[in-house]
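Reader: I have a model open on my screen and would like to walk through it with you, one piece at a time. Could you keep the answers plain and give me the cut-offs as we go?

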Amino acid sequence: MNLFGNKDLARLFIIFSSLTIVILVSWNVFLFFDRIKKDERQKMKVWAEAQKSLNTANDNQDLDLELFVMSHDINIPMINTDADGNILRHHNIKKFISEDSIELYNELNTLKNTNKPIEVNMGEGNKQFIYYGNSDILEKIKYYPAILLLIFFLFLSLIYVFFKTSKTSEKNKLWAGMAKETAHQIGTPLSSLVGWMEILKSDPNVQDSYVVEMEKDVNRLHKITDRFSKIGSEVEYENLDIIKETQLTVDYIMKRHSKLITFDVNLDQSEEAIVSLNDVLYSWTLENLIKNAVDAMRGKGKITIESKVTQQWVSIYISDEGKGIESNKFKQVFEAGYTSKKRGWGLGLSLAKRIIEDYHHGKIRVKHSEINKGSCFEIRLKRVS
C-alpha cells in the first residue's frame, strides 16, 4: 500500500505521528518536572536541617558545613515561620513583597498552596515551618506541555490549510480541464454548422432573415466556445469601456428573454470608464448573474442594471425582484457546488467570482438582499488611469 499516494491516509499518519511526539515529549517533561521538584524538596530539607543545627548549636560545635549550606543560594523562594504562623525570616522573596508586611503574608499563603511545608523540630516542643515555592526553572518547565500543545495545534492548522489548498488546486485543474474539453467538443460540430450556413446562403429558397439569425446564434456559439477555452489559460486583456461592454451584453440578452422579464437599464455613459478587461469572460459573468436573477424571479419580474463611476472604480449593479438570499449565505453563494435550485450545478457564481477576482483583480459580492423582495449583486473593477 502506497501510504503517501493516499492523501487521507497521509494526513492521518502525519496527525497521529505529531500527536504521538507531543505526548511522548509532554510525558518526558512531566517526569523531568517531577524529578526536579523532588530534588528541590530534598534541598529544602537539607537547608532546614542546617537552620536547625545553627539554632541549637553550642559554642564548641563546628558549624562550617551548616554555614556553607545556609550561605549557598538555592534559588528557591521560602518563608520560615514559627508554630503560630509568625514570619521569622524569608529568602529569595522579591524586594517589593518583602518590604510590605501585607504582601509578605499574601506570599506566605501562596507558598502554602504550592508545596507541603517542611516541619523543623527545634527541641523542647518548639516547632518551626518552612514554606517554599518553585524555582525559576521549575516555573518555566511547567508551561512546556501547554506550549507543545499550542505548537501541535498550529501544526494541525498548517496541515489543514495545505490539504485544503491542494484540494482546491485539484478542483481548479479539473474544472479547467473540463472547460477545455467542452470547448474542444463544441468546436467540431460548430465548424460543420458554419459549412452548412454557407450552403444555406447560396440556396435561393431560404429567406435571408433566417440565415442572419442563424449566423448570430452560430457566432454566439463561437463566443461560448472561446469562453470555455479561456478557463485555466493565460487571459488577454484590453483597455475597454466597461459601460459600453455591459450595454452590448445586456442588449443581446434582452432580445432573447421572455417578455415577462423587463429590463431597467441605467448605465452612466456620460464619460468613458476604461478598465483592463477580457470582454468574453466579462460578458459571461454578466450572463450568469442575469440568468440567476431570472431563475430567482421564476421567469417573471424586473431586472435593474445600473452603474456607478468614481475616480478609481467602476461598479455595475444587477438587481432582481426574486426570492432573495439569507444574510449568512452572502459569501456561501460564491462557493463551487452551492445552489438553491433542484437541478443546479452551483458553478455560475463560483465562475463569476473567479473571473472577476482572480482574472480581473476586482470584487464581486451580494450588495444587499431581502427575502421575497430581491437581491443586488455588485461587480467592481478598477479604472485604468
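Reader: Which residue in β2 does N80 stand opposite?
Author: N80 stands opposite R89 in β2, and in the same pairing of strands the bridge partner of T81 is I87 in β2. Strands here are DSSP runs of E with at least two residues, helices are runs of H or I with at least four residues, and both are numbered from the N terminus. Two strands pair if DSSP finds at least two bridges between them.

Reader: Before we go on, what kind of model is this, and how are residues counted?
Author: This is a predicted model, in which local features need pLDDT of at least 70 and side-chain atom pairs count only at pLDDT 80 or more, while totals for chains, interfaces and linings use all residues. Residues are numbered from 1 along each chain as its sequence is written, and side-chain values use heavy atoms, with hydrogens and water left out.

Reader: Back to β1 and β2, how many bridges join them?
Author: Strand β1 (residues 78-82) is joined to β2 by 4 bridges, and the two run antiparallel. They form a hairpin with 4 residues between them, and G85 in the turn has a positive phi of about 90°.

Reader: What is the strand order in the sheet that holds them?
Author: The order is β2-β1-β4-β3, an open sheet of 4 strands with antiparallel pairing. β2 (87-91) and β3 (118-123) stand at the edges with a single partner strand each, so one side of each is left without a neighbour in the sheet. Neighbouring strands of this sheet are turned by 20° against each other on average, direction ignored. For such angles, axes are lines fitted to C-alpha atoms, for helices over the stretch in contact, and the angles run from 0 to 180 degrees between N-to-C directions.

Reader: And which helix lies across β1, β2 and β4?
Author: That is helix α4 (residues 101-114), which runs at about 100° to β1; contact here means heavy atoms within 4.5 Å.

Reader: Changing topic, what is the order in the sheet of 5 strands?
Author: That open sheet has the order β6-β8-β9-β11-β10, with mixed pairing. β6 (261-266) and β10 (363-370) are at its edges, each with a single partner strand, so one side of each is left without a neighbour in the sheet. The twist averages 15° from one strand to the next.

Reader: Do β6 and β8 pair in the parallel or the antiparallel sense?
Author: β6 and strand β8 (residues 301-309) pair in the parallel sense over 6 bridges, with T262 opposite K302 in β8. By contrast, β8 and β9 pair in the antiparallel sense, over 6 bridges, and they form a hairpin with 3 residues between them.

Reader: Where does I318 fit in?
Author: I318 in β9 is the bridge partner of I305, and I318 is also the bridge partner of F377 in β11. β9 and β11 are joined by 7 bridges and run antiparallel.

Reader: Is β9 mostly covered or uncovered?
Author: Strand β9 (residues 313-319) is mostly covered, with 6 of its 7 residues buried. Buried means under 20% relative accessible area, exposed means over 50%, and partly exposed is in between, using a 1.4 Å probe and protein chains only.

Reader: Which residues have the most contacts inside the largest nonpolar core?
Author: They are I242, I290, I303, I305, I316, I318 and I379, in a core of 36 residues. The largest share of this core, 6 residues, comes from α9. A nonpolar core is a set of buried Ala, Val, Leu, Ile, Met, Phe, Trp, Tyr and Cys residues joined through side-chain atoms within 4.5 Å.

Reader: What does I290 touch?
Author: Not counting residues up to four places away in sequence, I290 touches V250, I253, H257, F263, I303, I305 and I318. Apart from that core lies another of 11 residues, among them I74, V120, I130 and Y132.

Reader: How do α9 and α10 cross?
Author: The axes of helix α9 (residues 279-296) and helix α10 (residues 348-359) come within 9 Å and cross at roughly 145°. Residues of α9 including W284 and L289 meet residues of α10 including L351 and I355.
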